[in-house]
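Notebook open, coffee poured. I want to go through this one entry by entry and write down what I look up.

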Amino acid sequence: MNDKKTYSAHAAILLANVIFGLGVPVTKFLLDEWVTPMTYMASRCLGATIIFWVVSWFLPKEHVERRDLLVIMAGGLTGFVISQTLTAWALQFTTPVYFSLIATLTPIVTLLMAALFLGEGITRLKSLGTVLAFAGAALMVFVGWQAGAGSNDLLGITLALLSVLTWVVYLLITRKVSQKYTAVTQMKWIFLVSTIAVLPFSWNEFPQTALYGGQFGWDGALAMLFIVVFATVLGYFMIPYAMQYLKATTVSIYTNIQPVVASLIAIAIGQDVLTWDKPVAAVLVLLGAWFVTKEND
């Protein structure tokens, strides 16, 4: 494999996860003050659809086989519509730090799903990593159930876990297709089907939101612009590009960057507070993820 392309793939997925980490507190800000979860999703879908289709007009046309198109669309429904809607709901109930720590379980869930459905083996080291990571998740659930900082941390953490699960399904079902088509071709279809799926459920909510209902503010508009252009278009462009040259498990390990970025920003701007369980849970989850992916280096 071309080393230069491999390095660029690592750089792409690194940048994507830094952007996603920044997107967590930005999303929390939007949901708290400007939009509902469904209008948030519709804005992302519609904005990304327009951008990707316009860009595709200036690129060589790619023919997508019907079977592959169905896989791409199914990936869009699971990896974006379902996963990101669950993300938006989760952030209504829990804090950015708890959510981003749950996101670091992605490599472990990828491992378990690959073992269950693809027959990939699980070694003792990976088993140890899985136990440590879930111990960290259990600690977050326990503290959240007792007295978390969110309005309902237990519900938020559960929704975050479901978001991770559906995201892993997307990684696994699209990994072969990702190697056949360009990122723009994949994304224009993913976001088109996502828009069709989301818009009917959100249309009536737009006039009821602060951002779209007559209380326009530049801070809300710029936050949404960041989510659409960077956390959606640029981030989701980089993922299929990276998956052309990297394994799904390797791609998933970069998710561990998200809690570092999200936690630092969220605590700095007062969206979250640093409590004893968060660094302990972070050590357990990140150490577990490292064990799981160590043998894939």
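Is Met238 buried or exposed? I looked it up before anything else, keeping in mind that this is a predicted model. Met238 has a relative accessible area of 10%, so I put it down as buried, the cut-off being under 20%.

**Entry: around Met238**

I placed Met238 in helix 9, which covers residues 218-243. Then I asked which residues Met238 touches once those up to four places away in sequence are not counted. I found Ala12, Leu15 and Ala16. Those three numbers fall inside the range of helix 1, residues 3-33. I also checked a distance from here: Met238 and Ala282 are 44 residues apart along the chain, and their C-alpha atoms are separated by 26 Å.

**Entry: the whole chain**

Next I stepped back to the fold. I counted twelve helices and zero strands in the protein chain. Read along the sequence, that gives me α-α-α-α-α-α-α-α-α-α-α-α.

Does the radius of gyration agree or disagree with a compact globule? For 297 residues I would expect a value near 19 Å, and the chain has 19 Å, so the two agree. The C-alpha trace spans about 50 × 50 × 30 Å along its principal axes.

I noted burial too: 54% of the 297 residues count as buried. The exposed area comes to about 13600 Å², and carbon and sulfur atoms supply 70% of it.

For contacts, I took pairs at least 6 apart in sequence and asked what share join residues at least 24 apart. The figure I wrote down is 90%.

**Entry: helix 1 against helix 11**

I went back to helix 1 and looked at how it meets helix 11, residues 257-268. Their axes come within 8 Å and cross at roughly 35°. I have the crossing down as right-handed. On the helix 1 side, the contact is made by Leu14, Asn17, Val18, Phe20, Gly21, Leu22, Val24 and Pro25. On the helix 11 side, I listed Ile257, Gln258, Val261, Ala262, Ile265 and Ala266. Sorted by class, this contact has eleven nonpolar residues, three polar ones and no charged ones.

**Entry: helix 4**

How many residues of helix 4 are buried? I got eight of its eight, over residues 96-103, so "mostly covered" goes in the margin. The buried residues I ticked off are Pro96, Val97, Tyr98, Phe99, Ser100, Leu101, Ile102 and Ala103.

**Entry: three residues of helix 3**

I spent a while on helix 3, residues 66-93, which holds Gln84. Ile82 is found in helix 3 as well, and Leu86 is another of its residues.

I started with Gln84. It counts as buried, because its relative accessibility is 13%. Leaving aside neighbours within four places in sequence, I found Gln84 in contact with Met41, Arg44, Gly79 and Tyr236.

Why do I call Ile82 partly exposed? Its relative accessibility is 39%, and partly exposed runs between 20% and 50%. Not counting residues up to four places away, Ile82 touches Leu77 and Thr166. The C-alpha atoms of Ile82 and Leu162 are separated by 9.1 Å, with their positions 80 residues apart along the chain.

Leu86 I wrote down as buried, with a relative accessible area of 11%. Its contacts, with neighbours within four places in sequence left aside, are Leu159, Leu162, Ser163 and Thr166. So Thr166 is on my list for Leu86 and also on my list for Ile82. I checked one distance along the chain too: Leu86 and Arg67 are 19 residues apart, and their C-alpha atoms are separated by 27 Å.

**Entry: Val193**

Last stop was Val193, found in helix 8, residues 183-202. Val193 is buried, with a relative accessible area of 15%. What does Val193 touch, not counting residues up to four places away in sequence? I found Met73 and Leu77. Leu77 had already turned up in my notes as a residue that Ile82 touches. Val193 and Val26, 167 residues apart in sequence, are 25 Å apart in space, C-alpha to C-alpha.

Definitions and conventions. Residues are numbered from 1 along each chain as its sequence is written. This is a predicted model: local features need pLDDT of at least 70, side-chain atom pairs count only at pLDDT 80 or more; totals for chains, interfaces and linings use all residues. Side-chain values use heavy atoms; hydrogens and water are left out. Axes are lines fitted to C-alpha atoms, for helices over the stretch in contact, and angles run from 0 to 180 degrees between N-to-C directions. Helices (H or I, at least four residues) and strands (E, at least two) are DSSP runs, numbered from the N terminus. A crossing is left-handed if the near helix is turned anticlockwise from the far one by less than a right angle, and right-handed if clockwise. Contact means heavy atoms within 4.5 Å. Ala, Val, Leu, Ile, Met, Phe, Trp, Tyr, Cys and Pro count as nonpolar, Asp, Glu, Lys and Arg as charged, and the others, Gly among them, as polar. The radius of gyration is taken over C-alpha atoms; the globule rule is 2.2 Å times the number of residues to the power 0.38. Buried means under 20% relative accessible area, exposed over 50%, partly exposed in between (1.4 Å probe, protein chains only). Accessible areas come from the Shrake-Rupley method with a 1.4 Å probe; for residues, only the protein chains shown count as cover.
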